[in-house]
Structure formats: structure tokens, C-alpha cells
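Grab a pencil and work through the exercises below. Each one sets a task and then walks through a solution.

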Amino acid sequence: MSPLKRRFRFTPLHLAGWLFADMLLVLALVSMGDRGDPLAAQAAAKPSKPAAVEPSPEPSRTPTGPRSVARKPVKIHLTAAVGDTALMVKQLRAATARYEEREAAFVLTFGQAPEPGDGQAYARKVNEALRKARPDMCTDATTRDFWSKGPSGSADLEIYFYTR
């Protein structure tokens with residue numbers, strides 16, 4: 001027989017991959033079907049209103065667990081010459097005065113410049129000035145330097161604080 005006229009032989013080994021995939025799909029469906037209905041569980045967990053009971057004074061609660069970050073940032077606009085760190089520190093100290101008791105989680109700084117490298121370098125200098133202006137506020141804060149197209153010498157900061 002010539003090699004072109006050979007017939008394809010079927011062996012069960014050809015189906016092993018498909019069988020494995022089908023079994024995995026069945027296991028996934030069984031796992032998802034085993035879970036309860038979360039909406040029904042919430043409805044069942046809601047207590048009914050008790051009879052008229054005098055409210056007891058709430059004990060003061062101290063938060064437990066990890067801190068969270070506020071969703072809305074504090075936005076600050078800064079205008080200072082590229083090398084004028086003293087003016088940056090002065091403006092940042094004034095702009096963050098009402099937040100001095102809070103701790104920043106992370107700071108996004110958008111340095112304006114015609115070129116990306118210059119804008120990021122300016123943003124880095126602004127973040128260094130912020131650490132000098134408010135060392136307690138920015139002790140463990142993560143800072144990120146970004147570029148925003150525009151004239152050199154200004155930056156926009158978005159400070160995300162930890163919630164109280």
C-alpha cells in the first residue's frame with residue numbers, strides 16, 4: 001500500500017485530552033452548583049425589628065483590621081520654577097496645612113512639561129518637596145511620578161489619605 005492510501009486508524013488515546021477537559025468542566029459546574037444563593041442568605045440573616053426596646057449606649061469601638069484608603073483624593077496644584085525647591089516646600093506646606101494630622105497612603109503627581117522625561121523629573125522633585133514639607137504625613141506613602149503635557153514649572157498632585 002502506498003503511503004497516500006493509508007487509512008487513519010482511530011485509537012482511544014486521541015480522546016484523552018477531550019475527556020480530561022470535559023471532566024474538568026463537570027467539576028467546575030458541580031463546584032459552582034454547590035454554593036448557596038447569597039441573596040437568599042442575606043435576606044435570611046436580616047433580623048426582624050424587635051419590640052420597643054430602649055437603646056443602650058453604644059460602647060466606643062476601636063477599628064480592627066486593615067486600614068482603608070479614601071476614594072476621593074485631595075487635589076493640589078503647584079506652580080514653582082524647576083529648581084525652586086524652597087518655594088515648592090512652602091506651597092505644599094500651605095496647601096496641606098488642614099490635612100497635617102492625616103497620613104497619606106499614596107500620592108500621584110503629574111509634572112507638566114513639553115517632554116515626558118522632564119515632566120516625570122519635575123514630579124519626582126515635587127514628591128521630594130512634599131516629603132520635606134510634611135514628613136509625618138508622607139512617612140510610608142507610595143509616590144508615583146507622571147507626566148502631563150504643558151508648560152514647565154507646575155504640577156498637579158492627587159493625595160489619597162487613609163480613612164480615619
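**Exercise 1. Find out how much of the chain is buried.**

Start with the total: 24% of the chain's 164 residues count as buried, where buried means under 20% relative accessible area, exposed over 50% and partly exposed in between (1.4 Å probe, protein chains only). Keep in mind that this is a predicted model, where local features need pLDDT of at least 70 and side-chain atom pairs count only at pLDDT 80 or more, while totals for chains, interfaces and linings use all residues. Residues are numbered from 1 along each chain as its sequence is written, and side-chain values use heavy atoms, with hydrogens and water left out.

Next, the surface: about 13,000 Å² is accessible, and carbon and sulfur atoms hold 59% of that (Shrake-Rupley method, 1.4 Å probe; for residues, only the protein chains shown count as cover).

**Exercise 2. Lay out the elements and assemble the sheet.**

Step one is the inventory: 4 helices and 4 strands, taken as DSSP runs numbered from the N terminus (helices H or I, at least four residues; strands E, at least two). Along the sequence they read α-α-β-α-β-α-β-β.

Step two is the sheet. The 4 strands make an open, mixed sheet ordered β1-β4-β2-β3, with pairing called when DSSP finds at least two bridges between two strands. β1 (74-79) and β3 (142-149) each have a single partner strand, so they are the edges, with one side of each left without a neighbour in the sheet. On average, neighbouring strands are turned by 20° against each other, direction ignored.

Step three zooms in on one pair. β2 (residues 104-113) runs parallel to β3, with 8 bridges between them; Phe-106 has Thr-142 in β3 as its bridge partner.

**Exercise 3. Place two helices on the strands.**

Take α3 (residues 85-95) to begin with: this helix lies across β1 and β4 (154-161), at about 150° to β1. Then α4 (residues 116-133), which lies across β1, β2, β3 and β4, makes an angle of about 140° with β3. Axes here are lines fitted to C-alpha atoms, for helices over the stretch in contact, and angles run from 0 to 180 degrees between N-to-C directions. Contact means heavy atoms within 4.5 Å.

**Exercise 4. Track down the salt bridges and say what they link.**

The count is 4, using a side-chain nitrogen of Lys or Arg within 4 Å of a carboxyl oxygen of Asp or Glu as the rule. Let's go through three, one at a time.

- Glu-103 pairs with Arg-67, with the closest N and O atoms 2.9 Å apart. Glu-103 sits in the loop between α3 and β2 and Arg-67 in the loop between α2 (38-45) and β1, 36 residues apart. With 25% relative accessible area, Glu-103 is partly exposed.
- Glu-100 meets Arg-134 at 3.3 Å, N to O. This pair links the α3-β2 loop to the loop between α4 and β3, 34 residues apart. Glu-100 is partly exposed at 43%, whereas Arg-134 is buried at 11%.
- Arg-124 meets Asp-145 at 3.5 Å, N to O. Arg-124 is in helix α4 and Asp-145 in strand β3, so the pair ties together parts 21 residues apart in sequence. Arg-124, at 42% relative accessible area, and Asp-145, at 23%, both count as partly exposed.
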